[in-house]
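Please open the structure in a viewer and keep the sequence panel visible. The tour below proceeds by selection, stop by stop.

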Amino acid sequence: MEEEKYMQRCIELARNGLCNVSPNPMVGAVIVYNGRIIGEGYHIRCGQAHAEVNAIRSVKDESLLKHSTIYVSLEPCSHYGKTPPCADLIIEKQIPRIVIGCQDPFAKVAGRGIQKLRDAGREVIVGVLEKECRNLIRRFITFNTLHRPYITLKWAESADGFIDANRTEGHPVILSTPLTSMLVHKKRSESDAIMVGTRTAQLDNPSLTVRNWYGKNPVRVVLDRNLSLSPTLHLFEDNVQTIVFTSLKRSKEKSTEYITLDYRQNLLPQIMEELYQRGLQSLLVEGGTQLLQSFIDAGLWDEVFKERSRTKLHSGVKAPEIRDKISYSIEKHFGIEIVHYTNKIV
């Protein structure tokens, strides 16, 4: 179908904004005149012009807009935020026909943009490639409907199901290859925050930065109940924003903020609320088995990427387990198997 073809192009364009639009959703737009694309755009960066604006600006002959169709993967906004409403611009430019992938779940929009366009006498079609368009903005939907970040768990395990050797010091066992490690850094660049537990921070001394990929560093999050972590760890270097969840009180130091939690209560809901209030839309958890298993047992996750190494350890720290029957697929990257689980909550 013609409409699906143009909507697929909207989705392709939208993906270009993955690393820069959060907490806004990724959106793409295409303008078609007489079966020919005359304008394209996507939301490039949070705070800057939306997809519809960029698409309209790209049209060389504005007089054609009065006879064109604009395709957009997400309902045009109808409220004033950091930019004016896109629905108003579409009406102003007299575009007669609007094809929308899915309705916006954000409470300030949620159907209002569609209604505004229809009230202005425009033809509006909603639901073209709706499933694909909703999947594109799954982080945004999770954040705005469940009031928590979109959670991705990641670990590498040996061929016999261990993630590390039993140790109290020394370097961790390296199960990822240099190329799959690069993919992990790519996921970091696509995440707003990254989390580890006390043991991983102390034993592995990770930087949790994006070094093997281009992009911004995520906010680093670490659990440290008794503030036992050494200030010389890489976690506290590089002027990267770091949040430490602890049971004690401590003032902010440079780029490190200390948040006091009630350790007598379940920690995960408290952490999710803090991250939500800070507008952190996505969280990548790279901790050890204990931390990862706590998210799995709570059902508090959206995607899991489990790298299967060819190395056997024969003993050590057992890898986390997903015991429920969850749908998964097996991907191959650089000859290495990665199991991808999806937890369909939204």
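How far is the sulfur of Cys-10 from the closest cysteine sulfur, and in which residue does that sulfur lie? Select Cys-10 together with Cys-133: the two sulfurs are 7.4 Å apart, which is too far for a bond. The model is a predicted one, and a disulfide is counted here when two cysteine sulfur atoms lie within 2.5 Å. Cys-10 is buried, with a relative accessibility of 0%.

Next, select Cys-46 and Cys-77. Cys-77 holds the cysteine sulfur closest to that of Cys-46, but the separation of 12 Å is again too far for a bond. Cys-46 is partly exposed, at 23% relative accessibility. Over the whole structure, a search finds zero disulfides.

**The nonpolar cores**

Now select Met-7, Val-30, Ile-31, Tyr-71, Ile-98 and Ile-137. These residues have the most contacts inside the largest nonpolar core, which has 46 residues. Helix α1, residues 2-14, gives the most to this core, with six residues.

Centre the view on Val-30 and display its surroundings. Leaving aside neighbours within four places in sequence, the contacts of Val-30 include Tyr-6, Arg-9, Cys-10 and Leu-13. Ile-37, Gly-39 and Glu-40 are also among them, as are Thr-69, Ile-70 and Tyr-71.

A second core, separate from the one above, has 34 residues. To find this second core, select Ala-193, Leu-267, Phe-295 and Val-304, which are included in it.

**The nine-stranded sheet**

Switch to a cartoon view and follow the strands in the order β11-β10-β9-β8-β12-β6-β13-β16-β15. These nine strands form an open sheet with mixed pairing. Select 256-260 for β11 and 328-333 for β15: these strands stand at the edges, and each has a single partner strand, so one side of each is left without a neighbour in the sheet. On average, neighbouring strands of the sheet are turned by 20° against each other, direction ignored.

Which residue of β16 is the bridge partner of Lys-306? Select Lys-306 and Val-339, since Val-339 is that partner. The strands concerned, β13 (residues 303-308) and β16 (residues 336-342), run antiparallel and are joined by six bridges.

The final stop is the hairpin of β15 and β16. Six bridges join these two strands, which run antiparallel. Select His-333 and Ile-336: His-333 stands opposite Ile-336 in β16. Two residues lie between the strands of the hairpin, and Phe-334 takes a positive phi near 55°.

Definitions and conventions: Residues numbered from 1 in each chain as written. Predicted model: local features only at pLDDT ≥ 70, side-chain atom pairs only at ≥ 80, totals over all residues. Heavy atoms only, no water. Buried < 20%, exposed > 50% of the residue type's maximum accessible area, 1.4 Å probe, protein only. Pairing = 2+ DSSP bridges. Helix = DSSP H or I, 4+ residues; strand = E, 2+ residues; numbered from the N terminus. Axes fitted to C-alpha atoms, helices over the stretch in contact; angles between N-to-C directions. Core = buried A, V, L, I, M, F, W, Y, C linked by side-chain atoms within 4.5 Å. Contact = heavy atoms within 4.5 Å.
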